[in-house]
Amino acid sequence: MDVPAAAALVLGIIFILASPNESAQQFSGMFVFGDSLVDDGNNNFLNSLAKANYLPYGIDFYDGPSGRFCNGKTIIDFLGELVGLPYLPAFTSTLTSEIKVINGVNYASAAAGILDETGRQLGDRFSLRQQVQNFETTLNQLKSQMDEKQLSQYLGRALAVMILGSNDYINNYLLPTFYTTSSNYNPVDYADLLIGRYTSHILALQSFGLRKFLLAGVGPLGCIPNQLASGAAPAGKCVSFVNDIVGLFNTRLRSLVDQLTRSHPGSIFVYGNTFEVFTDILNNLDSFGFSVVDKGCCGIGRNQGQITCLPLAIPCLNRDKYVFWDAFHPTQAANQIIARRAYIGPPSDCYPINVKQMAEV
């Protein structure tokens with residue numbers, strides 16, 4: 001073999017070893033609690049209007065429509081690749097088949113929120129409270145597969161990812177037609193209410209044995225096509241009021257990470273600064289390879305920004321140029337950036353440490 005060929009072979013081996021898809025498993029498993037941003041099929045089995053198990057959803061996913069609210073992979077799919085884990089089964093699939101739960105389970109449910117009532121106008125969903133209860137079901141399955149000491153070690157090395165809060169605003173507080181929260185609470189008190197409820201559920205999971213938590217903040221909801229289509233902001237501008245009230249929640253969530261870290265020294269709590277990362281994408285479209293930010297790749301309504309994709313709708317062709325897939329959810333291209341920043345980003349992206357560092361602790 002000549003020298004150039006040998007060099008190419010070595011470089012090829014290095015590339016393969018460095019590829020996220022070939023990553024060594026860095027956590028014993030991953031357990032995901034969330035909403036439609038990371039739902040991978042739970043709502044397929046529910047009586048809900050919030051479903052994505054039809055084309056054009058999944059048009060770029062290897063298995064087609066799966067219930068993911070995206071053209072392809074979610075943040076969790078990409079994060080799983082980075083930490084060396086396979087695609088996680090939806091919790092509902094683990095009840096009806098011989099699906100292994102040893103690598104983790106995804107409990108996320110579209111329209112779900114921190115508050116039990118959030119998203120009720122869309123039908124059935126697994127609220128965070130129910131998702132925590134569903135984790136107990138998985139826990140019983142795991143108890144049948146290992147002894148108490150093994151289970152404790154397994155849970156201690158697992159990653160819990162929690163991505164909630166968006167629906168508590170766009171499918172609760174910002175919908176006065178269906179909910180009274182905006183008249184019962186000012187934005188500060190509402191953020192406090194959400195953090196109080198969130199804390200109780202986080203600590204419930206911690207009491208079951210989970211020790212590593214990634215708590216994602218809420219993104220800039222005032223910039224999603226759904227809110228832009230409301231006409232509440234001038235053309236080319238985000239709805240500042242919405243971003244401001246979401247900021248109240250995020251500030252408190254970051255403080256909660258500090259508080260929980262102090263009060264539970266055997267556990268790791270990390271704040272994922274989704275708002276900052278997404279804002280960076282929106283402010284630097286060219287740098288990230290995007291060109292369209294004010295409308296979804298599919299959907300209907302003014303600027304394609306009012307609802308999700310209708311069955312068999314024809315989406316845009318240049319999907320990697322769009323930040324948003326539909327009125328509410330990012331494209332696969334945007335999800336990949338967010339996951340990467342959570343994995344190796346600086347403290348401004350993931351505080352106080354990133355996911356890669358969490359795996360090493």
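This report walks through a predicted model of one protein chain, from its overall build down to a few individual residues.

## The big picture

Let's start with the whole thing. The protein chain folds into 14 helices and six strands. Its radius of gyration is 20 Å, close to the 21 Å that the globule rule gives for 361 residues, so the chain is as compact as a globular protein of that length. If you lay the C-alpha trace along its principal axes, it spans about 65 × 55 × 40 Å.

How much of the chain is buried? Of the 361 residues, 54% are. The surface that the chain exposes comes to about 15,500 Å², and carbon and sulfur atoms supply 55% of that. As for contacts between residues at least 6 apart in sequence, 71% of them join residues at least 24 apart.

## The sheet

The six strands make an open sheet, and reading across it gives the order S2-S1-S3-S4-S5-S6, with mixed pairing. S2 and S6 are the edge strands with a single partner each, so each has one side without a neighbour in the sheet.

Strands of a sheet pair through backbone hydrogen bonds, and they can run parallel or antiparallel. Here, S3 and S4 run parallel and are joined by five bridges. Ile163 has Ala216 in S4 as its bridge partner. Strand S4 (residues 212-216) also runs parallel to S5, again with five bridges between them, and Lys212 is partnered with Ile268 in S5. Things turn around on the other side of S5: two bridges join S5 to strand S6 (residues 350-351), and this pair is antiparallel. There, Gly272 stands opposite Cys350 of S6.

## A strand covered on both faces

Strand S5 (residues 268-272) deserves a second look. Five of its five residues are buried, so the strand is largely enclosed by the rest of the structure.

In a regular strand the side chains alternate between the two faces of the sheet. Which residues of S5 are buried on each side? Ile268, Val270 and Gly272 are on one side, with Phe269 and Tyr271 on the other.

## A helix under cover

Helix H2 (residues 75-82) is mostly covered as well, with eight of its eight residues buried. The buried residues include charged ones by name, Asp77 and Glu81, along with others such as Ile75, Phe78 and Leu82.

What covers the buried residues of H2? The cover includes strands S1, S2, S3 (159-163) and S4, plus helix H13 (332-344) and helix H14 (355-360). Just after H2, Gly84 takes a positive phi of about 80°.

## Rings and charges

Aromatic side chains turn up together quite a bit: a search of the whole structure finds 21 aromatic pairs. In one of them, Phe31 and Tyr154 meet edge-to-face, with 6.3 Å from centre to centre and 80° between the planes. Phe31 sits in strand S1 (residues 30-34) and Tyr154 in helix H5 (residues 148-156), so to speak from distant parts of the chain, 123 residues apart. Phe31 and Tyr154 are both buried. They also belong to one aromatic cluster with Phe33, Phe91, Tyr107, Phe126, Phe135 and Phe208.

Another pair, Tyr173 and Tyr190, is stacked, because the ring centres are 4.4 Å apart and the planes are at 25°, under the 30 degrees that counts as stacked. Tyr173 is in helix H6 (residues 166-173) and Tyr190 in helix H8 (residues 187-207), so the pair ties together parts that are 17 residues apart in sequence. Tyr173 counts as buried at 5% relative accessibility, and Tyr190 is buried too, at 0%.

Some rings have a charge for company. The charged end of Arg68 sits over the ring of Tyr87, 5.5 Å from the ring centre. Likewise, the charged end of Arg254 sits over the ring of Tyr351, at 3.6 Å from its centre.

## A residue in a loop

Last stop: Ala110, in the loop between strand S2 (104-106) and helix H4 (128-143). Is Ala110 buried or exposed? With a relative accessible area of 1%, Ala110 is buried.

Leaving out residues up to four places away in sequence, Ala110 touches Asp35, Ser36, Asp39, Asn43, Ala50, Phe69 and Arg125. Gly231 is 121 residues from Ala110 in sequence, and their C-alpha atoms are 25 Å apart in space.

Key
Residues numbered from 1 in each chain as written. Predicted model: local features only at pLDDT ≥ 70, side-chain atom pairs only at ≥ 80, totals over all residues. Heavy atoms only, no water. Phe/Tyr/Trp six-rings, centres within 6.5 Å; stacked < 30°, edge-to-face > 60°. Helix = DSSP H or I, 4+ residues; strand = E, 2+ residues; numbered from the N terminus. Buried < 20%, exposed > 50% of the residue type's maximum accessible area, 1.4 Å probe, protein only. Lys NZ or Arg CZ within 6 Å of the ring centre and 35° of its normal. Pairing = 2+ DSSP bridges. Rg over C-alpha atoms; globule rule 2.2 N^0.38 Å. Contact = heavy atoms within 4.5 Å. Areas by Shrake-Rupley, 256 points an atom, 1.4 Å probe, with all protein chains shown as cover.
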